[in-house]
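Q: I am new to this structure. Please pick one part of it and take me through that part closely, along with whatever it touches.

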Amino acid sequence: MPAAKKTAAKKTAAKKTAAKKSAKVSRTDAIALLTADHKRVKKMFKQFDKIKEDGTSADKQALAQQICAELTLHAEVEEQIFYPATREAIDDDDMLNEAEVEHASAKDLIAQIESGDPSDPLWDAKVSVLGEYVDHHVQEEEEEMFRKARKAKMDLEALGQQIAAMKQSRDGAEAAAPASAPNQPGRKAGKAGTSARL
């Protein structure tokens with residue numbers, strides 16, 4: 001077989017192998033769910049950037065609260081489900097410790113945003129910095145942690161089911177929260193108490 005045909009055959013075989021691997025990844029595996037969260041939040045930050053200059057304070061605050069709620073729940077499922085399983089499967093405490101420290105810093109900014117006022121000159125900047133911080137964290141997770149987790153052959157489907165169940169229970173608990181809940185300390189009216197999950 002000529003060399004050109006062998007090279008083409010190898011490329012075709014490599015494409016088929018890659019397609020089989022990606023077909024094996026379920027939309028409900030842990031990494032797929034966490035990556036979907038990343039994409040959803042990234043889109044929200046882009047929306048915030050669009051309304052930052054010309055949007056109303058109410059619109060900016062509503063979107064920022066939505067971002068904060070998403071990030072809070074995402075961090076919670078990672079810290080309670082994904083990170084512990086990853087610690088057991090791979091030997092890279094430094095990577096996981098850094099991820100948890102990054103979460104703590106993000107939670108601090110989230111608390112400042114949630115308790116802040118959009119009319120404060122620094123409020124928009126806090127949301128923007130949170131977005132930049134999250135971009136950095138997401139890049140490290142997707143390019144390093146998630147690859148190592150897949151290579152370690154973790155049971156990502158079972159972890160995904162745990163993550164989905166936890167998210168569903170949080171959504172149900174928030175929907176069932178009594179009307180007086182927003183008046184509790186540490187919560188704002190019209191919000192489902194995201195800071196309480198931190």
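A: Helices are DSSP runs of H or I with at least four residues, strands are runs of E with at least two, and both are numbered from the N terminus. The model is predicted. The chain has 6 helices and 0 strands. Along the sequence the pattern reads α-α-α-α-α-α. The chain holds 198 residues, and 35% of them count as buried. Take the contacts between residues at least 6 apart in sequence: 76% of these join residues at least 24 apart.

The part to look at is α2. This helix covers residues 30-51. It has 22 residues. From first C-alpha to last, α2 reaches 32 Å, close to the 32 Å expected at 1.5 Å a residue.

Start at the N-terminal end of α2. Asp29 caps that end. A side-chain oxygen of Asp29 lies 3.2 Å from the backbone nitrogen of Ile31.

Now see what is hidden along the helix. The buried residues of α2 begin with Ala30, Ile31, Leu34 and Thr35. Asp37, His38 and Val41 are also on that list. Met44, Phe45 and Phe48 complete it. A general point helps in reading such a list. An α-helix has 3.6 residues a turn, so residues three or four places apart point the same way.

Asp37 deserves a stop. Is Asp37 buried or exposed? Its relative accessibility is 3%, so Asp37 counts as buried; the cut-off for buried is under 20%. The side chain of Asp37 makes a polar contact with the side chain of Arg40, at 2.3 Å. Beyond the residues up to four places away in sequence, Asp37 touches His74 and Lys167.

Next, the packing partners of α2. Two packed helices are described by the angle between their axes and the distance between the axes. Take α3, residues 57-89. The axes of α2 and α3 come within 10 Å and cross at roughly 160°. Angles over 145 degrees count as roughly antiparallel, so α2 and α3 are roughly antiparallel to each other. The crossing of α2 past α3 is left-handed. On the α2 side, the residues in contact include Ala30, Ile31, Leu34, Asp37, His38 and Arg40. Val41, Met44, Phe45, Gln47, Phe48 and Ile51 of α2 also take part. On the α3 side, the contact includes Asp59, Lys60, Leu63, Ala64, Gln66 and Ile67. Glu70, Leu71, His74, Val77, Glu78 and Phe82 of α3 also belong to it. His74 ties back to an earlier stop, where Asp37 touches it.

The second partner is α5, residues 123-151. The axes of α2 and α5 come within 10 Å and cross at roughly 160°. That makes α2 and α5 roughly antiparallel to each other, because of this angle. Their crossing is left-handed.

Follow α5 to Ser128, which lies in that helix. What does Ser128 touch beyond its neighbours within four places in sequence? It is in contact with Asp49 and Lys52. The side chain of Ser128 makes a polar contact with the side chain of Lys52, at 2.8 Å. Ser128 has 17% relative accessibility, so it counts as buried.

Further along α5 sits Glu144. At 32% relative accessibility, Glu144 counts as partly exposed. It touches Asp92, Met95 and Gln139, leaving out residues up to four places away in sequence. Glu144 and Met95 are 49 residues apart in sequence. In space their C-alpha atoms are 8.6 Å apart.

Met95 leads on to α4, residues 93-115. α4 has 23 residues and reaches 33 Å from its first C-alpha to its last, close to the 33 Å expected at 1.5 Å a residue. Met95 is one of the buried residues of α4. Others on that list include Leu96, Ala99, Glu102, His103, Ala106 and Lys107. Leu109, Ile110, Ile113 and Glu114 of α4 are buried too. What covers the buried residues of α4 includes α3 and α5. Those helices are the two partners of α2 described above.

Finish past the end of α5. Where is Lys153? It is in the loop between α5 and α6, with α6 covering 156-175. At 72% relative accessibility, Lys153 counts as exposed. Its phi is near 60°, a positive value in a residue other than glycine.

Technical notes
Residues are numbered from 1 along each chain as its sequence is written. This is a predicted model: local features need pLDDT of at least 70, side-chain atom pairs count only at pLDDT 80 or more; totals for chains, interfaces and linings use all residues. Side-chain values use heavy atoms; hydrogens and water are left out. Buried means under 20% relative accessible area, exposed over 50%, partly exposed in between (1.4 Å probe, protein chains only). A polar contact is a pair of N or O atoms within 3.5 Å; within protein, one must be able to donate a hydrogen and the other to accept it, and residues adjacent in sequence count only if both atoms are side-chain atoms. Contact means heavy atoms within 4.5 Å. The expected span of a helix is 1.5 Å times one less than its number of residues. Axes are lines fitted to C-alpha atoms, for helices over the stretch in contact, and angles run from 0 to 180 degrees between N-to-C directions. Angles under 35 degrees count as roughly parallel, over 145 as roughly antiparallel, 65 to 115 as roughly perpendicular and the rest as oblique. A crossing is left-handed if the near helix is turned anticlockwise from the far one by less than a right angle, and right-handed if clockwise.
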